[in-house]
Amino acid sequence: GRRAAELRRLLESGPPDDARLPRVLELVTSDGGNLDRVRDAVSREVRVAMEQAAGLPPMTPRDALVHLAEFLAARCGAAV
């Protein structure tokens, strides 16, 4: 819908900055938005990223990717 299209547009350039964050939060928490659904989606994507990273050689870049995924999940309250 219109709400999803706006959210997609706000997030397509990466994590929301200070200017975009209030609108992003409004979209996912207001009527029609579902924060639990968003957290579930983040959890799924972070798990996939971590599974893919596990197949990489044990090196600093892999560890950095895993830590970033864990940080992002924790930041929005998603379970990993």
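Does Ser43 count as buried or exposed, and what is the relative accessibility behind that label? In the predicted model examined here, Ser43 counts as buried because its relative accessibility is 5%, which falls under the 20% limit for that class. Ser43 is part of helix 3. When residues up to four places away in sequence are set aside, Ser43 touches Ala78 and Ala79.

The overall fold gives the setting for this residue. The secondary structure of the protein consists of four helices and zero strands, and reading along the sequence gives the pattern α-α-α-α. Along the principal axes, the C-alpha atoms fill a box of roughly 45 × 25 × 20 Å. The protein has 80 residues, and 16% of them count as buried. The exposed surface of the protein comes to about 6,000 Å², with carbon and sulfur atoms supplying 57% of this area. Contacts along the chain were also examined. Among contacts between residues at least 6 apart in sequence, 36% join residues that are at least 24 apart.

The interior was considered next. In soluble globular proteins, nonpolar side chains tend to be buried together. In this model, the largest nonpolar core is made of five residues, namely Leu7, Leu10, Val24, Leu27 and Val28. At least two residues of this core come from each of helix 1 (2–11) and helix 2 (21–29). Helix 2 gives the largest share, with three residues.

The largest pocket has a volume of about 1,100 Å³. Its lining is made up of 27 residues, and those nearest the centre of the pocket are Leu11, Val24, Val38, Val42 and Cys76. Two or more lining residues are given by each of helix 1, helix 2, helix 3 (35–54) and helix 4 (60–76). Helix 3 contributes the largest share of the lining, eight residues. Sorted by class, the lining contains 18 nonpolar residues, four polar residues and five charged residues. Val24 appears both in the largest nonpolar core and among the residues nearest the centre of the largest pocket.

Two residues in the loop between helix 1 and helix 2 were then compared: Ser13 and Arg20. Ser13 is exposed, because its relative accessible area of 59% is over the 50% limit for that class. Arg20, in contrast, counts as buried, because its relative accessibility is 18% and the limit for buried residues is under 20%. Leaving out residues up to four places away in sequence, Arg20 touches Leu10, Leu11, Ser13, Gly14 and Pro15. Of these contacts, Leu10 is a member of the largest nonpolar core, and Leu11 is one of the residues nearest the centre of the largest pocket. Ser13 was also placed relative to helix 3 by way of Val46. The two residues are 33 residues apart along the chain, and their C-alpha atoms are separated by 18 Å.

The end of the chain was examined last. Val80 lies in the segment after helix 4. Apart from neighbours within four places in sequence, Val80 is in contact with Val46, Arg47, Met50 and Ala73. Val80 and Ala69 are eleven residues apart in sequence, and the distance between their C-alpha atoms is 9.2 Å. Contacts with this part of the chain also include those of Ser43, which touches Ala78 and Ala79.

Notes. Residues numbered from 1 in each chain as written. Predicted model: local features only at pLDDT ≥ 70, side-chain atom pairs only at ≥ 80, totals over all residues. Heavy atoms only, no water. Core = buried A, V, L, I, M, F, W, Y, C linked by side-chain atoms within 4.5 Å. Buried < 20%, exposed > 50% of the residue type's maximum accessible area, 1.4 Å probe, protein only. 1 Å grid on protein atoms, 1.4 Å probe; cavity = no way out; pocket = protein on both sides within 12 Å on 5 of 7 lines; lining within 4 Å. Points joined across faces, edges and corners; volume = space filled by probe spheres on them. Nonpolar A, V, L, I, M, F, W, Y, C, P; charged D, E, K, R; others polar. Contact = heavy atoms within 4.5 Å. Areas by Shrake-Rupley, 256 points an atom, 1.4 Å probe, with all protein chains shown as cover.
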